[in-house]
Each structure stands twice: as structure tokens, then as C-alpha cells.
Amino acid sequence: PFSDQQASAGGADSAIGNQLVGSKNGTKYYYSWCSGVGKISPSNIIYFSSKEEAETRGYTPSATCKGL
């Protein structure tokens with residue numbers, strides 16, 4: 001369940017939309033369906049609108065999440 005703000009945050013990479021997530025306390029980003037996401041506390045999950053946004057904010061792709 002996404003909030004209205006998260007659901008409409010799409011951007012140039014809207015095909016990915018809110019499928020990219022990371023932890024406020026971490027340095028990796030994931031697709032929302034990757035196993036590593038289950039280890040992130042729901043209160044710490046943040047959403048990225050694109051890989052570029054995640055990387056600009058200092059996150060790197062998770063090595064365990066295929067396709068990143």
C-alpha cells in the first residue's frame with residue numbers, strides 16, 4: 001500500500017515508479033520484490049523514482065537483487 005504521494009511520484013522513469021526501495025539506515029537499493037527488502041523495517045523504507053535518484057542519494061544496487 002502506497003500513499004498518494006508515493007504512488008504519484010513517478011518521474012521520467014515511471015515504468016519503475018515506486019518499485020525501487022531502500023532503507024533510511026542503509027546504502028543499498030532494491031526492487032520491492034527482492035528478498036533483502038523483507039529485512040528492512042517498514043518505518044525505514046524509502047522509495048526512489050529511478051535508479052538515478054537512488055544513486056544520486058548515495059545508494060548502490062544490491063548485489064543479491066537480480067536485474068539492478
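**Strands, core and loops of a predicted chain**

Two helices and four strands make up the chain. The model is a predicted one. Read from the N terminus, the elements follow the order α-β-β-β-α-β. The chain has 68 residues, of which 34% count as buried. Its exposed surface amounts to about 4300 Å², and carbon and sulfur atoms supply 51% of that area. Among contacts between residues at least 6 apart in sequence, 51% join residues at least 24 apart.

The description may begin with strand 1, which spans residues 20-23. Its residues point in two directions: L20 and G22 face one way, V21 and S23 face the other way, and all are buried. Strand 1 pairs with strand 2, residues 28-31, in the antiparallel sense, and three bridges hold this pairing. The connection between strand 1 and strand 2 is a hairpin of four residues. Within the pairing, G22 has Y29 as its bridge partner in strand 2, and V21 has Y30.

Strand 1 also pairs with strand 3, residues 45-48. This pairing is again antiparallel, and it comprises four bridges. Here V21 stands opposite Y47 of strand 3. V21 therefore has a partner in strand 2, namely Y30, and a counterpart in strand 3, namely Y47, while its burial is explained by a relative accessible area under 20%.

Strand 2 has a further neighbour in strand 4, residues 60-61. These strands run parallel and are joined by two bridges. One point of attachment is K28, whose bridge partner in strand 4 is T60.

The nonpolar interior comes next. In soluble globular proteins, nonpolar side chains tend to be buried together. The largest nonpolar core of this chain has 13 residues, and the members that touch the most other members are Y29, Y30, F48 and Y59. Strand 1, strand 2 and strand 3 each supply at least two residues of this core. The largest share, three residues, comes from strand 2.

Y29 illustrates how one residue of strand 2 meets several parts of the chain. Leaving aside residues up to four places away in sequence, Y29 touches L20, V21 and G22, among others. Its contacts also include F48, K51, A54 and E55. Further along the chain, Y29 touches Y59, T60, P61, S62 and L68. G22, one of these contacts, is also the bridge partner of Y29.

Two loop residues complete the account. N25 lies in the loop between strand 1 and strand 2. Its relative accessible area is 64%, and N25 is therefore classed as exposed. The C-alpha atom of N25 is separated by 9.1 Å from that of I40, a residue 15 places apart from N25 along the chain.

S50 is found in the loop between strand 3 and helix 2, the latter being residues 51-56. With a relative accessible area of 10%, S50 is buried, because that value falls under the 20% limit. The side chain of S50 reaches the backbone nitrogen of E53 at 3.0 Å. The two loop residues thus fall into opposite classes, N25 being exposed and S50 being buried.

Technical notes: Residues are numbered from 1 along each chain as its sequence is written. This is a predicted model: local features need pLDDT of at least 70, side-chain atom pairs count only at pLDDT 80 or more; totals for chains, interfaces and linings use all residues. Side-chain values use heavy atoms; hydrogens and water are left out. Buried means under 20% relative accessible area, exposed over 50%, partly exposed in between (1.4 Å probe, protein chains only). Two strands pair if DSSP finds at least two bridges between them. A nonpolar core is a set of buried Ala, Val, Leu, Ile, Met, Phe, Trp, Tyr and Cys residues joined through side-chain atoms within 4.5 Å. Contact means heavy atoms within 4.5 Å. Accessible areas come from the Shrake-Rupley method with a 1.4 Å probe; for residues, only the protein chains shown count as cover. A polar contact is a pair of N or O atoms within 3.5 Å; within protein, one must be able to donate a hydrogen and the other to accept it, and residues adjacent in sequence count only if both atoms are side-chain atoms.
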